[in-house]
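Biologist: Before I plan anything at the bench, could you take me through the sheet in this model?

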Amino acid sequence: MANQQILDMALKQMEQSINPVTLTAWFDDAEVAAFEGSRLTLHVPNEFKKEIIESRFIEPLKAALKTLFDDDIEVLIITGEVSVKAPEMIGVPKDTYTFDHFIVGSSNKFAHAAATAVSKKPAVVYNPLFIYGQSGLGKTHLLYSIAHELRISHSEFKIVYVKGEDFTNELIQCIQDGDMQNFREKYRTADLLLLDDIQFIAGKERTQEEFFHTFNAIYEAKRQVVLTSDRPPKEINTLEDRLRTRFEMGLLADIQPPDYETRLAIIHAKGEQYGCTIPPVVAREIADNIQSNVRQLEGTVQKMKAMHELMSAEINIELAHKAIDEVRTESPGLNPTPQLIMQAVANYYCIPVEQITSNKRSKDTVQPRQVSMYLVRDLLGYSLPEIGKVFKRDHTTVLHAVDKIKNQMTSSSEISDIIKTLTDNIRSL
């Protein structure tokens with residue numbers, strides 16, 4: 001969770017008792033300077049705002065943060081110049097993303113064991129560690145857990161966490177500012193580099209070049225690299241071969257969607273963590289309805305707790321369905337369907353969605369149809385016969401479509417960009 005997002009979520013909580021217009025007036029230019037341990041440092045532009053926030057809003061802000069993290073968070077308000085620190089896990093709640101809070105099941109046991117081993121012997125075993133799986137299954141949780149353990153056992157470590165997209169954006173900014181020395185100092189001197197969603201650097205020539213040298217500098221200095229992706233290296237089609245081979249020389253660990261028993265365990269554990277007792281029949285209903293996303297399971301429990309406390313609603317199956325519907329409405333991209341994918345593709349190509357499953361074979365229809373089939377295969381993991389049923393085609397037609405898009409992604413940057421854009425669009429819906 002990004003630092004500024006934490007403040008945004010806290011302010012959203014505060015809107016339940018304070019006029020949103022008032023909050024905007026006093027917090028519109030407030031920025032999170034740091035979030036370390038149990039202290040949030042908030043920067044405001046002048047002493048006047050500092051005094052008002054401290055006198056009128058500090059306690060509601062603390063209460064909102066306690067609701068979010070189930071822990072007492074100290075709040076420090078500062079003014080003046082602020083030097084932006086490297087993302088050394090700043091913003092990670094102190095006791096939330098740890099191995100203790102990670103529910104282990106058959107679907108993630110191997111990845112959890114590998115992450116635990118790295119946290120005990122960094123740069124000795126499994127370097128690099130490459131964790132891959134669909135969105136919302138706990139990859140970032142494992143990164144944060146490694147960092148948490150190493151902060152305790154190696155307090156001298158420089159731990160740097162960054163998302164692939166942010167790494168790219170920061171590189172672009174540093175190139176524009178002529179500040180590459182600080183950029184390289186920041187990343188190449190890390191004792192532990194955690195890079196989330198590495199697939200976002202694929203296809204970006206300058207970013208891959210810079211990360212190649214960053215990786216080499218850290219690896220050759222016998223320091224640890226941990227990476228995550230939504231797919232294994234061999235399936236990141238626009239990733240340079242020299243990076244792919246380096247990623248594969250370490251340990252690859254996949255995370256699959258949780259099985260039924262693991263989903264139940266997650267629901268009950270999150271309920272206990274949030275101080276919310278969930279009846280077994282309600283837990284079973286949630287586990288039956290959310291089958292492939294840990295983040296949505298957690299979000300449903302949080303929603304139920306909020307409805308229970310704020311609306312005095314009984315925690316029952318009806319409330320569970322309301323919470324599930326709200327979570328899916330807020331983030332349908334975490335659990336896309338073939339229909340959602342086809343709609344996103346149709347919108348991109350500016351054609352009616354019905355045209356994708358029609359019998360039309362015109363050029364403006366065939367490619368959107370093939371792209372849709374590829375994305376259903378890639379994002380949802382449907383089998384060829386299952387995709388054929390959705391698109392009213394036989395499995396050999398589906399195989400031809402999927403292979404054609406794969407080949408085009410290797411030979412054409414245009415189709416690679418289209419697939420990436422559509423994937424990002426679907427996941428952000």
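**Pairing within the sheet**

Modeller: In this predicted model, Ala34 stands opposite Thr41 in S2.

Biologist: In which direction do S1 and S2 run, and how many bridges join them?

Modeller: The strands S1 and S2 run antiparallel, and Ala34 facing Thr41 in S2 is one pair of opposed residues. The number of bridges that join S1 to S2 is five.

Biologist: Which residue in S3 is the bridge partner of Arg39?

Modeller: Strand S2, residues 39–43, runs parallel to S3 and is joined to S3 by five bridges. For Arg39, the bridge partner in S3 is Glu74.

Biologist: What is the order of the strands in the open sheet?

Modeller: The pairing in this open sheet of three strands is mixed. The edge strands, each pairing on one side only, are S1 (31–36) and S3 (74–78), and neighbouring strands are turned by 20° against each other on average, with direction ignored. The order is S1-S2-S3.

Biologist: Why is S2 largely enclosed by the rest of the structure?

Modeller: A residue is taken as buried when its relative accessible area is under 20%. Strand S2 is largely enclosed because, of its five residues, the number that are buried is four.

Biologist: At about what angle does helix H3 run to S3, and what is the handedness of the β-α-β unit?

Modeller: Helix H3, residues 47–69, lies across S1, S2 and S3, and its direction makes an angle of about 145° to S3. The β-α-β unit that S2, H3 and S3 make is right-handed.

Conventions:
Residues are numbered from 1 along each chain as its sequence is written. This is a predicted model: local features need pLDDT of at least 70, side-chain atom pairs count only at pLDDT 80 or more; totals for chains, interfaces and linings use all residues. Side-chain values use heavy atoms; hydrogens and water are left out. Two strands pair if DSSP finds at least two bridges between them. Helices (H or I, at least four residues) and strands (E, at least two) are DSSP runs, numbered from the N terminus. Axes are lines fitted to C-alpha atoms, for helices over the stretch in contact, and angles run from 0 to 180 degrees between N-to-C directions. Contact means heavy atoms within 4.5 Å. Buried means under 20% relative accessible area, exposed over 50%, partly exposed in between (1.4 Å probe, protein chains only). A crossover is right-handed if, with the strands pointing away from the viewer, the path from the first strand over the helix to the second runs clockwise.
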